[in-house]
Amino acid sequence: MENLQMRNFRIVGAPVIKKDAKALVTGKPVFTDDLALKDCLVVKVLRSPYAHALITEIDCAVAVKIPGIECIITHKDVPRKRFTMAGQTYPEPSPYDRLILDERLRFVGDAVAVVAGETEAAVDHAMRLIRVKYQVLEPVLDMHDSKDGDILVHPEDSWESHCDVGADNRRNLCASGKETHGDLEEAFAGCTHVIERVYHTKANQQAMMETFRAYTYMDVYGRLNIVASTQVPFHTRRILAHALDVPKSRIRVIKPRIGGGFGAKQTVVAEVYPAIVTMKTGKPAKIIYSRYESQIASSPRHEMEVRVKLGCDDRGVLQAMDVYTLSNTGAYGEHGPTTVGLSGHKSIPLYRTPKAFRFAYDVVYTNRMSAGAYRGYGATQGIFAVESAVSELAAQMGMDPVAMRELNMVKEGDIMPAYYGEPANSCALDRCVAKVKEMIGWDEKYPRRAVSGTKVRGVGLAMAMQGSAISGVDVASVCVKVNDDGFYSLMIGAADMGTGCDTTLAQVAAESLGCELEDIVVYGTDTDISPYDSGSYASSTAYLTGMAVVKTCEALKKKILHKAARYLECREDELEFDGKRVYKLSCEEDGTRKEMTIKDIGNRVMCSNEDALQVTESHSSPVSPPPFMAGAAEVEVDTETGDVKLIRFVAAVDCGTPLNINLARVQTEGGLAQGIGMALYEDVTYSETGRVHENSFMQYKVPSRQDVGNVQVEFECSYEPTGPYGAKSIGEIVINTPSPAIANAVYNAVGVRIRELPITAEKVFNGMNGLD
């Protein structure tokens, strides 16, 4: 934290408590379900029992007569406009491949009908009485069989792709592409050591505490209001307007507190169902996904298979990298074309030395649950593969894997390969690796040590990077106004989903305006009131919205000076604003100094004023400066059973300037826990008919606090010149190191390389006994 202290910020970086902390811990009614009217309609979705089928007949005649049933909606009752549920800036890279309800069903859990009634019991009863006849079709369940296969997931002519991402529904391709630099064949030919390996990650669930949910009602002006647990309020408005075939002006989206998102709520999973019920009935309605629904019909991580080929010279200097990713988008294409890019663009740039690289990918449709956004957004999968492969290459050479990374890692000032020509203007990755080596005791513990007759401990390390917003695309806007008595209203369009951005952005505003944090009142997102913001995703809020806050506050200070100059009857360049008062730099002849407090200015503009003390500014960035991170794991493996126990995980993060050191630490610890779950516990398997087995927390093993070992986090601060007070992002990078670090530690402990997550006792046992 030395760098942060040297900057000597007043409020930025301080470990202040979240503004909503007391309301949350005391159980105040702040979430979507708390705000819904108690007598609103209950909405549920009847779901497909088949992975691939056509509805040939649907009979609701008996079900609709159940007392308390308000309406039953089928594919015959919805607009025939295809859309995407992906919360992305228009035009979305994700294809328009959905209808609200479709006669073709594409996975077990796909929506068949929407039922709305006065009580949950009535709705459940009615759902059991709906009679559906299906023409069962052969599904494509294995992503290796999809591309150019005989079975088409989307044969319809109305399928659309609005961006050139290599999509072709007639080939089951959601996206396809390739990027090369240098002469790859020549570079590999000059290598003395070459490896080629394949790694596999599963479709992990975000498992946020608050499941998908939305509440809808018509206001007195006949407009549809949606109160939704969403990360993307403005995108939600656009998506619903398109799906419902109504003007955007007729829709308002309000975001209350969110009980976790982690990317899941960057997809408009549930909002459309109560929305169409309210549109048809005029009555308030709500949908609350059960945990079962969230496990079988949501937006999990994209399953990916990543093939990595690496080559180096006899000193261990990387010469060539070849990465190919096969990504399974499932039944629909939400986030398919974009997640896959990060599997290469956030793994290859970690290494500055290769003379040539290639990154190629295919994203394919299958008849499995549609995938979506999850913290790390493709980088997590790619980094697991590349960081495992680098350690495998080092092992083949008999070289310390950390030494290989130290020899090849990107450093400040380098142009990062496969990263759009951007330089690493702020990079403390070398310091992160050095810190983690020290924290884990690498030199003393590498590669392994026996601790008892059957227990062996090993250590492993991995590096990671992410981005800070989507360069040249994402937009953040902020409005700040001076109120009477001189306090400020900060209106943002970014969605605080538990990360504390309402607090950190208030810290940035207080730092910029020179006031106290208590003088900043933050207003959350309402599409009727808030300035436009792309949403809380792509690690954008601290970096992008934070910079919008700085710009807005700087513009507001100029307006304050302009107004004070008029009141004090002097020129603006004679005045200074210190956050509490505007004063004249020079004294008057009698020795006094003209000054005016911000409280007096705020009160005076309430009378005879034609220039409001209010400013709105937007910010977009042409670059996406990466945060960097190193993580190291110490594991204990039972050589009799293959059981793996995580003893310790240490991490060092370069997120530029942490805007709030406590919240940054909590973000890191939470992300590490999710990464540990992905590495060791969270499996996703399907039956032969396409049913996901892990449909509850009884089967889907989310780690508890007792499962993650001793976690220690430190910060190695750089200073990002394009970020607010030197800040970069932190939200996603923190999930990326556990999987490769733990896999590397297991290998160092017992010599078994696990290339498919999660790392289970069975896989380790089989590897030790030559049974894999």
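Here is a walk through some helix contacts, empty spaces and unusual backbone spots in this structure. Keep in mind as you look around that the model is predicted.

A good place to start is helix α10, which spans residues 379-397. Look for helix α18, residues 738-750, and you'll see that its axis and the axis of α10 come within 8 Å, crossing at roughly 30 degrees. Angles under 35 degrees count as roughly parallel, so α10 and α18 are roughly parallel to each other. Their crossing is right-handed. On the α10 side, the contact is made by Ile383, Phe384, Glu387, Ser388, Ser391 and Ala395. Facing them from α18 are Ser739, Pro740, Ala743, Asn744 and Tyr747. Sort the residues of this contact by class and you get 6 nonpolar, 4 polar and 1 charged.

Stay with α10 for a moment, but turn to α11, residues 401-408. Here the two axes come within 9 Å and cross at roughly 115 degrees. That angle makes α10 roughly perpendicular to α11, and the crossing is right-handed. From α10, the residues taking part are Glu387, Val390, Ser391, Leu393, Ala394 and Met397; from α11, they are Pro401, Met404 and Arg405. This contact of α10 with α11 has 6 nonpolar residues, 1 polar residue and 2 charged ones. If Glu387 and Ser391 sound familiar, that's because both of them also belong to the contact that α10 makes with α18.

Now for another pair, α14 (residues 501-513) and α15 (residues 541-568). Their axes come within 9 Å and cross at roughly 35 degrees, again with a right-handed crossing. Helix α14 brings Cys501, Leu505, Val508, Ala509, Ser512 and Leu513 to the contact. Helix α15 answers with Thr541, Thr545, Gly546, Val549, Val550, Cys553, Glu554, Leu556 and Lys557. By class, that gives 9 nonpolar, 4 polar and 2 charged residues where α14 meets α15.

With those helices placed, let's turn to the empty spaces. Rolling a probe the size of a water molecule over the atoms shows where empty space is left. One spot to find is the second largest pocket, with a volume of about 770 Å³. It is lined by 31 residues, and the closest to its centre are Thr338, Leu342, Tyr377, Tyr420 and Ile470. Which helix gives the largest share of this lining? That's α9, residues 336-345, which supplies 6 residues. The lining of this pocket as a whole is made up of 16 nonpolar, 12 polar and 3 charged residues.

Tyr420 deserves a second look. Its phi is near 60 degrees, a positive value in a residue other than glycine. You'll find Tyr420 in the loop between α11 and α12, the latter being residues 429-440.

There are closed spaces too: the structure holds 4 cavities of 30 Å³ or more. The largest cavity has a volume of about 140 Å³. Of the 17 residues that line the largest cavity, Arg98, Phe107, Val269, Tyr273 and Ala297 are the closest to its centre. Its lining divides into 8 nonpolar, 5 polar and 4 charged residues.

The second largest cavity has a volume of about 70 Å³. Arg98 and Tyr273 turn up here again, among the residues that line this second cavity. The others around it are Leu99, Ile100, Leu101, Asp102, Arg104, Leu105, Asp110, Ala111 and Tyr332. What classes do these residues fall into? The lining of the second largest cavity has 7 nonpolar residues and 4 charged ones, with no polar residues.

Finally, trace the backbone to a couple of prolines. A cis peptide bond joins Tyr90 and Pro91, with omega at about -5 degrees. Pro91 sits in the loop between β3 (69-73) and β4 (104-105). Further along the chain, the peptide bond from Tyr446 to Pro447 is cis as well, and its omega is near -5 degrees. To find Pro447, look in the loop between α13 (442-445) and β16 (448-450).

Technical notes
Residues are numbered from 1 along each chain as its sequence is written. This is a predicted model: local features need pLDDT of at least 70, side-chain atom pairs count only at pLDDT 80 or more; totals for chains, interfaces and linings use all residues. Side-chain values use heavy atoms; hydrogens and water are left out. On a 1 Å grid over the protein atoms alone, a cavity is a set of points where a 1.4 Å probe fits but cannot get out, and a pocket is an open set with protein on both sides within 12 Å along at least five of seven lines; lining residues have an atom within 4 Å of a point. Grid points are joined across faces, edges and corners, and a volume is the space filled by probe spheres set on the points. Helices (H or I, at least four residues) and strands (E, at least two) are DSSP runs, numbered from the N terminus. Ala, Val, Leu, Ile, Met, Phe, Trp, Tyr, Cys and Pro count as nonpolar, Asp, Glu, Lys and Arg as charged, and the others, Gly among them, as polar. Axes are lines fitted to C-alpha atoms, for helices over the stretch in contact, and angles run from 0 to 180 degrees between N-to-C directions. Angles under 35 degrees count as roughly parallel, over 145 as roughly antiparallel, 65 to 115 as roughly perpendicular and the rest as oblique. A crossing is left-handed if the near helix is turned anticlockwise from the far one by less than a right angle, and right-handed if clockwise. Contact means heavy atoms within 4.5 Å.
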